[in-house]
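Please read the following with the sequence and the model open side by side. The text moves from the chain as a whole to its sheets, and then to single residues.

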Amino acid sequence: LFAPDGSLFVIAAPDTALDRFQRAWLEPGGRVRVVARTGGVRGEMPILATYVRLSGDQKSIAILHPGALVVLRCFVILDWSVDVAIDAVVEREGHCQLEAAGGRIVVSGTGTVPQDETEAHSLHPDRRGTLRAFTDGGKLIWKIDQDEQDSLWFQISLALSSDGETLGTVSADARESLVRLFDAATGRQLWERRAPRSTGTTCLS
């Protein structure tokens, strides 16, 4: 992430470790660092950020990583964080699961929420889709969770208009891709369109 005025940028890296033969492998965690234009480090957190966005007023940084949304105020102070049922967080070009604009921060995706011990240890537990919209200050505005009767939503991607008023999402099941448009202030769905699913990464803008 680069600030529009060039005052700072944010970098993230996974943790690595060495085995007895000095071969490196990736650890589950990582670190994210906020760097000033002069090169000085303004702040650092011990998490691996998958998506990073500036808030609409450009006073906070929102960070999404598996299982949690974290917001830094003034770029270096932890303002608030919340657990989210999103653990399949994968960075792909043209694909986004975090957006911020117009005083709103919205996250989307799929996560595993086991219902019982059997499901918790399943090789292929159900992954349910979820949408969460927050104010910049951390208040939950609205949420949408996939109904258990629906076909599984796979990796919802989203796009938020620059004024934060309109939200688009795209998801896919085994057969179709589904595009939805929402009122971002209320979560009310405005329309949806379906198309046969194709191979490759589905992008949204």
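What follows is a walk through a predicted model, beginning with the overall make-up of the chain.

The protein chain contains 1 helix and 15 strands. Of its 205 residues, 40% are buried. When contacts between residues at least 6 apart in sequence are considered, 42% of them join residues at least 24 apart.

One of the sheets is open and has 4 strands in the order β4-β5-β6-β7, with antiparallel pairing. Its edges are β4 and β7 (77-83), each of which pairs on one side only. From one strand to the next, the twist averages 20°. Within this sheet, β4 and β5 run antiparallel and are joined by 4 bridges. A register point for this pair is Leu54, which stands opposite Ile61 in β5. The next pair consists of strand β5 (residues 60-65) and strand β6 (residues 68-73), which pair in the antiparallel sense over 6 bridges. Here His65 stands opposite Ala68 in β6.

The connection between β4 and β5 deserves a separate look. The two strands form a hairpin with 5 residues between them. Gln58 is found in the loop between β4 and β5, and its phi is near 60°, a positive value in a residue other than glycine. Most residues other than glycine have a negative phi. How accessible is Gln58 in this turn? Gln58 counts as partly exposed because its relative accessibility is 39%, and the partly exposed class lies between the limits of 20% and 50%.

Another hairpin is made by β10 and β11. Strand β10 (residues 127-135) and strand β11 (residues 140-145) run antiparallel and are joined by 5 bridges. Leu131 has Ile144 in β11 as its bridge partner. There are 4 residues between the strands of this hairpin, and Gly138 takes a positive phi near 105°.

Further along the chain is another open sheet of 4 strands, with the order β12-β13-β14-β15 and antiparallel pairing. Its edge strands are β12 (154-160) and β15 (189-196), and each pairs on one side only. Neighbouring strands of this sheet are turned by 15° against each other on average, direction ignored. Strand β14 (residues 176-183) pairs with β15 in the antiparallel sense over 7 bridges. Leu178 can be used to fix the register, since its bridge partner in β15 is Arg194.

Back in the β4-β5-β6-β7 sheet, Val52 is found in strand β4. Is Val52 buried or exposed? Val52 is buried, because its relative accessible area is 14%, and buried means under 20%. Leaving aside residues up to four places away in sequence, Val52 touches Leu1, Val10, Ile61, Ala62, Ile63 and Leu98. Val10 is 42 residues from Val52 along the chain, and the C-alpha atoms of the two residues are separated by 8.0 Å.

Val52 also belongs to the lining of the second largest pocket. The space in this pocket is about 200 Å³. It is lined by 14 residues, and the closest to its centre are Thr50, Tyr51, Val52, Arg53 and Glu91. Two strands, β1 (8-18) and β4 (51-54), each supply at least two residues of the lining. By class, the lining has 9 nonpolar, 2 polar and 3 charged residues.

Arg53, named above for the pocket, leads on to Glu99. Glu99 lies in strand β8 (residues 98-101). What places Glu99 in the buried class? Its relative accessible area is 17%, so Glu99 is buried, given that the cut-off is 20%. With residues up to four places away in sequence not counted, Glu99 touches Arg53, Arg104, Ile105, Val106, Leu158, Ala159 and Leu160. Leu158, Ala159 and Leu160 fall within the residue range of β12 (154-160), an edge strand of the β12-β13-β14-β15 sheet. A further separation can be given for Leu167: Glu99 and Leu167 are 68 residues apart in sequence and 9.4 Å apart in space, C-alpha to C-alpha.

Terms used
Residues numbered from 1 in each chain as written. Predicted model: local features only at pLDDT ≥ 70, side-chain atom pairs only at ≥ 80, totals over all residues. Heavy atoms only, no water. Pairing = 2+ DSSP bridges. Axes fitted to C-alpha atoms, helices over the stretch in contact; angles between N-to-C directions. 1 Å grid on protein atoms, 1.4 Å probe; cavity = no way out; pocket = protein on both sides within 12 Å on 5 of 7 lines; lining within 4 Å. Points joined across faces, edges and corners; volume = space filled by probe spheres on them. Nonpolar A, V, L, I, M, F, W, Y, C, P; charged D, E, K, R; others polar. Buried < 20%, exposed > 50% of the residue type's maximum accessible area, 1.4 Å probe, protein only. Contact = heavy atoms within 4.5 Å.
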